Amino acid sequence: QIAQTVASMQFVIEKFPSQNRYFAFPFTADGVKQTTFDKLFSEIHISLSFGTAGLQNMAREKHIERIPMEKNHFPAKQIIKSEYSWYLFKQLIGRK
């Protein structure tokens, strides 16, 4: 994970120099260990990273999970309602 992220970020930095460095996991950051995040933020100096694991109770500094709106062809209102319902259900049964 780290080697692939470093290579990706080096390519982007070379092609698009900027003080801000953003990285979006191609699918989800669910399951990525905190030590990996720590290394990416300290060694590559990523400003902010994004994942697509939907609503979560877990907070990480400099990392945002988003609701993937492009995963199906439902209206945004229905996707958000579904994600929020799933989030509440997980809280009810004690998962994340």
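Biologist: Where is the place of I93?

Modeller: Keep in mind that this is a predicted model. I93 is partly exposed, with a relative accessible area of 46%. As for its place, residues 76-93 make up a helix, and I93 belongs to that element, helix α3.

Biologist: Which residues form a nonpolar patch on the surface with I93?

Modeller: The patch has about 450 Å² of accessible area, counting its members together. Besides I93, its members are W86, F89 and L92.

Biologist: Stepping back, in what order do the elements of the protein chain run from the N terminus on?

Modeller: The protein chain has three helices and three strands to place. Read from the N terminus on, they run α-β-α-β-β-α.

Biologist: What share of the residues of the protein chain count as buried?

Modeller: Here a residue is buried when its relative accessible area is under 20%. The protein chain has 96 residues, and the share that counts as buried is 27%.

Biologist: Take F23, then: is it buried or exposed?

Modeller: F23 is found in strand β1, residues 22-24. Leaving aside neighbours within four places in sequence, F23 is in contact with T5, S8, M9, I46, L48, S49 and F50. Its relative accessible area is 9%, and the cut-off is under 20%, so F23 counts as buried.

Biologist: How many Å apart in space are F23 and F37, C-alpha to C-alpha?

Modeller: In sequence, 14 residues separate F23 and F37. In space, C-alpha to C-alpha, the separation is 11 Å.

Biologist: What about T52, buried or exposed?

Modeller: T52 sits in the loop between β2 (48-51) and β3 (63-65). Apart from neighbours within four places in sequence, its contacts are F27, T28, E65, R66 and P68. The relative accessible area of T52 is 19%, and the limit is under 20%, so T52 is buried.

Biologist: Which loop is K62 found in, and what is its phi near?

Modeller: K62 is found in the loop between β2 and β3, and K62 is partly exposed at 37% relative accessible area. Most residues other than glycine have a negative phi. K62 has a positive value, near 70 degrees.

Biologist: And what is the phi of H45 near?

Modeller: H45 lies in the loop between α2 (34-44) and β2. Its phi is also a positive value in a residue other than glycine, near 60 degrees.

Biologist: Why are K39 and E43 separated by about one helical turn?

Modeller: The side chains of K39 and E43 meet in a salt bridge, at 3.9 Å from N to O. K39 is partly exposed at 34% relative accessibility, whereas E43 is exposed at 52%. As for the spacing, it comes about because K39 and E43 are four residues apart in helix α2.

Biologist: Which residue meets E70 in a salt bridge?

Modeller: The structure holds two salt bridges. Side chains of opposite charge can pair when their charged atoms come close. E70 is exposed, with a relative accessible area of 54%, while its partner counts as partly exposed at 33%. The N to O distance is 3.0 Å, and that partner is R66.

Biologist: Last one: how many Å apart are the mean positions of the positive and negative charges of the protein chain?

Modeller: The protein chain has 13 positive and 8 negative charges. Taking the mean position of each group, the two points are apart by 6 Å.

Key:
Residues numbered from 1 in each chain as written. Predicted model: local features only at pLDDT ≥ 70, side-chain atom pairs only at ≥ 80, totals over all residues. Heavy atoms only, no water. Helix = DSSP H or I, 4+ residues; strand = E, 2+ residues; numbered from the N terminus. Buried < 20%, exposed > 50% of the residue type's maximum accessible area, 1.4 Å probe, protein only. Lys, Arg positive; Asp, Glu negative; His and termini not counted. Charge placed at Lys NZ, Arg CZ, Asp CG, Glu CD. Contact = heavy atoms within 4.5 Å. Patch = residues over 30% accessible without salt bridge, like charges linked within 9 Å, V, L, I, M, F, W, Y side chains within 5 Å. Areas by Shrake-Rupley, 256 points an atom, 1.4 Å probe, with all protein chains shown as cover. Salt bridge = Lys/Arg side-chain N within 4 Å of Asp/Glu carboxyl O.
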